[in-house]
Amino acid sequence: MAFNLTRRKFLQSASLAAVALPLSKVIASETGVTRSPLEPAGSFKDETVVGGVCEMCFWRCQLVGKKRNDRLVKLEGNPKSIDNGTSICARGNAGIQLLYDPDRLKFPLKNVGERGKPKWKKISWKEALDECGSKLKKVNETYGPQGICMFPHGSTAKYPMHFFERTVGTHNVSEASFFQCRGIRDTAYLATIGMAPGENVDMPNAKAILVLGGHFGENIHISHIKRYVKGLQNGAKFIVVDPRYSASAAKSDIWVKIKPGTDTAFLLAIMNYLVTTKKYDADFIDEYGDGFEEFTKAIQGWSLERAAKECDIPAAQIKEVAIMLAENAPNVSIHPGRHVSWYGNDFQRQRALACLTGLLGAYFVKGGWVPAKGPKVGKISWAKQEHEAAHNLNMNEDEEMRYPFTPPGTPTELIRDTALSGKPYPIKGCVIWGQNPIQTIPGQQKMKDVLKQMDFVMCVDVMPTDVTMWADILLPEVSYLERYDLIKTGTQWDFSEKQQQYIAPRMPLMAPMFERKDQVYITNEIAKRMGYEKDIPVKTIEEMVEKNLAVAGLSLAQVRAEGGIHIQAGKNPYQMPEDFEVLFFNEDIADVGFPGAPTYIPVKDSPAGFARLIYGRVPVHTFNRTQNNVWLNNAMPSNPVWLNDELATKMGLKDGDVVGFINQDGFKSRTTTTVKTTPGIRKDVVYMGHGYGTANPLMSVAVDAGVDDTSLMTKITLDPETGAHGMRNNFVKFIKDGNIIDIPTSA
Ligand SMILES: Nc1nc2c(c(=O)[nH]1)N[C@H]1C(S)=C(S)[C@@H](COP(=O)(O)OP(=O)(O)OC[C@H]3O[C@@H](n4cnc5c(=O)[nH]c(N)nc54)[C@H](O)[C@@H]3O)O[C@H]1N2
Ligand SMILES: Nc1nc2c(c(=O)[nH]1)N[C@H]1C(S)=C(S)[C@@H](COP(=O)(O)OP(=O)(O)OC[C@H]3O[C@@H](n4cnc5c(=O)[nH]c(N)nc54)[C@H](O)[C@@H]3O)O[C@H]1N2
Ligand code: SF4
Ligand SMILES: [Mo]
């Protein structure tokens, strides 16, 4: 059924695309791509190629490829891997379908229509690079380097990002992985323990695990999932805080069905209870704590009852969680989270998590927060140059930072506001590389307006996702299966069992097809045309990887001979660094006008008739980037909206009803999805998988499938300390058969 539906949709939209964009038809027929990876029967030449590193998401599991008659037919986990091992997830398996997707970008394209409503003309690389180079050079000469902004993400975006940041000299770079994902986590822990935390919790050895809003099993990173499952198998108590009965909540000992946005209040009450009942690790705090007295004073108002009311959960449950953590301390994994850009009060919540870990003495101990000590490899890239003229938008007139705890780069909203107002200067050139800011950043119309006002927009991608519609020049990059690339390093997934490290450079499993090129070629050619030829650090990506490997005494040939992964002895990860400190009260934060101890900042409740829109990962997709993948589309072609079953009955809705949405600003969703009724969600929220609702007809499998959650985020909120986005402050009603249906959230 799902397959037929998809086939039909595929055929319909393919013909639609052909009508709207005759050129796409020309390109498709020229290519002769077939989706099926299997060759017809005949004589076979089978081989296994090593050195693959997955990038269907950013975790980079190590792969081997199975080839038949030089076609890649299957991907598997590399048996040598001490990270993912032989396991890969559904998305990893489906990488084959990205490789051979007939919709994939194949040639440089020039938009001879409008931005947003493109008409594509196939052009040569020379013409494309000449245009990119000359247009960006002109922006650089007219407005200075700060006139160029960049939206990068993924392993191939680092090299060009370093070129634009370090050599050209613009600060105006905004990575989705920081400002819409984990940047707040990193800077909040930096401000507490002096280190970014990663997801470095020793779950296999934990006696208890606490996770806020992370839903392992729906969010999948293989070696991380292995750690989590091992912890549960070893009998760890598991506490999940989530307004929704997630895949993780289903495995929990305690599910805290929290009111969205109130997590900090929950954490403060736990910490206050531990302090007042003396259930915290006093010895640890004597030795490593700083500002503990001010901290205890600051949180003393947070009784269990006060938090219970704020979080809409029983006081007894908060106490139960606190006792469970204390009884199992210090071997507790307080998970730092990953996607933490939630409400615009997130820096404080992340600080609270870091402080709770300290209260329990759970740093550098079995089961606690234990940073993996990985091997060193080189980091050759563009050299940093002095750029006195380049203006950093994060600095105000008094040379103070607007967002003092910002992650690296410039907060997205500062770039967008500057581009739209032209103040303090114009931003007229835009480079988009491996990011889809149309579907990644709240305020979709604002993003479109920002792109419209540019003199020049270039985009480097592998698929025709929505953002590519806004490019003047669209360049096709080789995929992760066809290129050398950054080196993945790490440690044994269960690092306490065997302390080992690995070095796994990405190597191509296939030669590139069509006219696709890699990041070093594209960046260098643009750099030459912009007048930076003398600064080019390496001629090829292969040369870069060789030089970086040489620092570890390795070469590509050697690693290939070792099965694609070099393994060496590791270091004891439980060794506490000499000057380790936990800043319970951080005076630097207080000095710049923010709360020095973790503080709860309430968020606005749903207006009458609306429910808060929350979203998350689905196991078989990575954001929008995998939506056109036939295997993954077949597995989950749409993103049904979760609605509390009692509310559904009141609203006259049932499973499978087709609905659209209208939000608090009157914005209506362009497409529809179906209803999934469940007791497993609070009444004040509705939930959907992120990344659906592609609008680009060139994504012939995915176009119009499901609803784009980002499109409904018209209200923009910012985290005051970091400038990162709060993304869960929008509210929706349903639309069915043209009628708007209120959600009786207060019922
Ligand atoms: N509404 C909403 N917004 C979110 C999130 C959410 O859950 N909901 N999640 C946030 C989080 S956690 C993150 S990390 C960000 C992710 O944000 P993005 O990185 O923007 O996410 P993707 O949708 O994967 O878009 C990446 C783009 O890279 C392209 N791409 C894939 N492979 C390659 C490649 O090899 N080379 C090049 N050049 N391009 C490639 C894809 O085709 C796609 O166009 O989104 C954030 N924004
Ligand atoms: N399959 C798959 N796996 C992925 C990715 C992917 O795209 N696909 N992306 C990877 C990336 S880049 C990231 S950052 C991670 C993200 O993975 P996570 O960090 O787990 O983030 P989300 O998927 O956004 O998780 C949303 C969860 O938070 C809950 N939630 C919503 N509001 C609140 C609240 O106020 N309080 C609490 N306590 N919970 C709340 C939602 O119900 C949902 O269960 O996943 C990674 N893994
Ligand atoms: S978790 Fe899945 S998609 Fe991500 S790198 Fe590993 S196999 Fe690939
Ligand atoms: Mo992320």
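Which residue in strand 5 is the bridge partner of Leu 109? Keep that question in mind as you look through these views of a predicted model.

**Figure 1. Strand 4 and strand 5 pair up side by side.** Here is the reply to the opening question: Leu 109 has Lys 122 as its bridge partner in strand 5. Strand 4 covers residues 109–111, and 3 bridges link this strand to strand 5 in the antiparallel sense.

**Figure 2. Six strands line up in an open sheet with mixed pairing.** Follow the strands across and you will meet them in the order 5-4-14-13-12-6. At the edges you will find strand 5 (120–122) and strand 6 (148–152), each of which pairs on one side only. If direction is ignored, neighbouring strands in this sheet are turned against each other by 20 degrees on average.

**Figure 3. A second open sheet is built from 3 strands.** Its order is 15-16-17, and the pairing is antiparallel. Strand 15 (487–491) and strand 17 (566–569) are the edge strands, pairing on one side only. From one strand to the next, the twist averages 20 degrees. Take a look at strand 16, which holds residues 500–505: 4 bridges join this strand to strand 17, and the two run antiparallel. One residue to pick out is Gln 500, whose bridge partner in strand 17 is Ala 569.

**Figure 4. Ligand 3 takes up the space of the largest cavity.** Which residues surround ligand 3? Three stretches of numbering are worth tracing. Cys 54, Met 56, Cys 57, Arg 60 and Cys 61 belong to the surroundings. So do Ile 88, Cys 89, Arg 91 and Gly 92. Ile 220, His 221 and Ile 222 complete the group around ligand 3. Sorted by character, the shell has 8 nonpolar, 2 polar and 2 charged residues.

**Figure 5. Two prolines follow cis peptide bonds.** Most peptide bonds are trans, so a cis bond is worth a second look. The bond from Ala 329 to Pro 330 is cis, with omega near 5 degrees. You can find Pro 330 in the loop that lies between helix 13 (315–328) and strand 11 (332–334). The bond from Lys 423 to Pro 424 is cis too, with omega near 0 degrees. Pro 424 sits in the loop between helix 15 (412–421) and strand 12 (429–433). You have met strand 12 already, as one of the strands in the sheet of Figure 2.

**Figure 6. Lys 278 has a positive phi.** Is the phi of Lys 278 positive or negative? Its value is near 55 degrees, which is positive, and the residue is not a glycine. Most residues other than glycine have a negative phi. Look for Lys 278 in the loop between helix 9 (263–276) and helix 10 (282–288).

**Figure 7. The protein chain holds 23 helices and 27 strands.** Why can the chain be called as compact as a globular protein of its length? Its radius of gyration is 26 Å, and the globule rule gives 27 Å for 747 residues; the two values are close, so the chain is as compact as a globular protein of that length. Along its principal axes, the C-alpha trace spans about 70 × 65 × 65 Å.

Definitions and conventions: Residues are numbered from 1 along each chain as its sequence is written. Chains are lettered from A and ligands numbered from 1 in the order in which they are written. This is a predicted model: local features need pLDDT of at least 70, side-chain atom pairs count only at pLDDT 80 or more; totals for chains, interfaces and linings use all residues. Side-chain values use heavy atoms; hydrogens and water are left out. Two strands pair if DSSP finds at least two bridges between them. Axes are lines fitted to C-alpha atoms, for helices over the stretch in contact, and angles run from 0 to 180 degrees between N-to-C directions. A residue is near a molecule or strand if one of its heavy atoms lies within 4 Å of it. On a 1 Å grid over the protein atoms alone, a cavity is a set of points where a 1.4 Å probe fits but cannot get out, and a pocket is an open set with protein on both sides within 12 Å along at least five of seven lines; lining residues have an atom within 4 Å of a point. A molecule sits in a cavity or pocket if more than half of its atoms lie within 2 Å of its grid points. Ala, Val, Leu, Ile, Met, Phe, Trp, Tyr, Cys and Pro count as nonpolar, Asp, Glu, Lys and Arg as charged, and the others, Gly among them, as polar. The radius of gyration is taken over C-alpha atoms; the globule rule is 2.2 Å times the number of residues to the power 0.38.
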